[in-house]
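Reader: I'm new to reading models like this one. Can you walk me through it?
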Amino acid sequence: MKRLVAFSGALFAAALFTFAVIAQQGPPQGPPPGGQGGPPRGPGGGQGRGTGIEALTIDDHAGFESIFDGKTLKGWDGDPQFWRVEDGSIIGESTAEKPVKVNTFLIYRGSMPGDFELKVDFKMNSTNSGVQYRSIELPEVGKWVLKGYQADIDFANQFTGLLYEERGRQFLAPRGQMVHIGPGNKKRVIANLRNADELKATIKVNDWNTYHIIARGNRLTHILNGNLMSEAIDDDPAGRSMGGLLGLQMHVGPPMKLEVRNVWLKNL
């Protein structure tokens with residue numbers, strides 16, 4: 001019995017000592033208000049995890065192949081009266097004395113990509129142009145004439161960024177919208193991406209812009225200067241294309257000058 005009393009007294013003394021130490025140290029320190037402290041946050045803001053998503057890198061060409069050597073039109077085919085290379089850029093130029101009478105294209109002959117990403121820098125000083133993809137030739141209309149998807153470009157930037165089908169179903173996905181295209185070319189907007197005028201404000205006039213086109217299956221995505229411009233899901237089996245030619249457009253109309261550089265292709 002005396003041993004039990006002595007043991008209980010020792011426990012009581014130990015408890016008093018522990019309480020005194022805790023009182024001196026204060027309560028355990030949790031993370032301060034606002035979520036600061038604790039484990040380091042990852043790049044996505046989540047504690048200790050992060051999203052694993054890297055920052056936007058418009059100039060990232062990992063896995064891409066350059067398809068313009070900056071010196072010649074090797075691998076490309078177009079009307080020599082309009083197309084040339086100058087100061088590291090592809091130049092497409094018409095004049096009052098040398099007008100474009102039918103929309104004509106500089107066609108890439110190196111491959112006919114199906115699923116791919118394409119990055120290209122461009123600037124222009126007038127009228128209309130575009131980056132053609134998954135396209136076919138129409139020799140019955142004229143030499144260097146293409147039909148197919150087009151990432152549209154125009155100097156007034158009324159259409160720049162949208163998805164157009166040259167000599168086909170025409171306007172498929174306006175700037176600022178994601179569109180589903182069903183059989184018989186039945187189109188319906190399934191999402192608004194961003195206000196079209198806000199997107200227009202991101203396009204540089206008389207300066208270089210970077211187009212990033214992604215074609216994966218029946219999903220077609222247009223990105224310009226890092227901004228998502230338009231997207232389409234093409235479920236129209238009679239109208240859609242799953243592969244074909246790449247090209248650059250010279251449009252009928254007043255004299256114009258198109259400049260293109262840094263043409264990068266990645267097959268998916």
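Author: Start with pLDDT, the predictor's confidence in each residue, from 0 to 100. This chain has a mean pLDDT of 87, with 81% of its residues at 70 or more. Over residues 1–48 the pLDDT is below 50. Where pLDDT is low, don't read the predicted coordinates in detail.

Reader: Any ground rules?

Author: It's a predicted model, so local features need pLDDT of at least 70 and side-chain atom pairs count only at pLDDT 80 or more, while totals for chains, interfaces and linings use all residues. Residues are numbered from 1 along each chain as its sequence is written, and side-chain values use heavy atoms, leaving out hydrogens and water.

Reader: In what order do the 7 strands of the open sheet run?

Author: Strands of a sheet pair through backbone hydrogen bonds, parallel or antiparallel. Strands here are DSSP runs (E, at least two residues), numbered from the N terminus, and two of them pair if DSSP finds at least two bridges between them. The order is S2-S5-S16-S7-S8-S9-S10, with antiparallel pairing. Strand S2 (76–77) and strand S10 (170–173) are the edges, each pairing on one side only. Inside the sheet, 5 bridges join S5 (residues 104–108) to S16 (residues 245–250), and Ile107 stands opposite Gly247 in S16.

Reader: Which strands each supply at least two residues to the lining of the largest pocket?

Author: Strand S6 (116–124), strand S13 (209–216) and strand S14 (219–224) do. By class, the lining has 6 nonpolar (Ala, Val, Leu, Ile, Met, Phe, Trp, Tyr, Cys and Pro), 4 charged (Asp, Glu, Lys and Arg) and 5 polar residues (the others, Gly among them). A pocket is an open set of points on a 1 Å grid over the protein atoms alone, where a 1.4 Å probe fits, with protein on both sides within 12 Å along at least five of seven lines; lining residues have an atom within 4 Å of a point.

How values were computed: Helices (H or I, at least four residues) and strands (E, at least two) are DSSP runs, numbered from the N terminus. Contact means heavy atoms within 4.5 Å.
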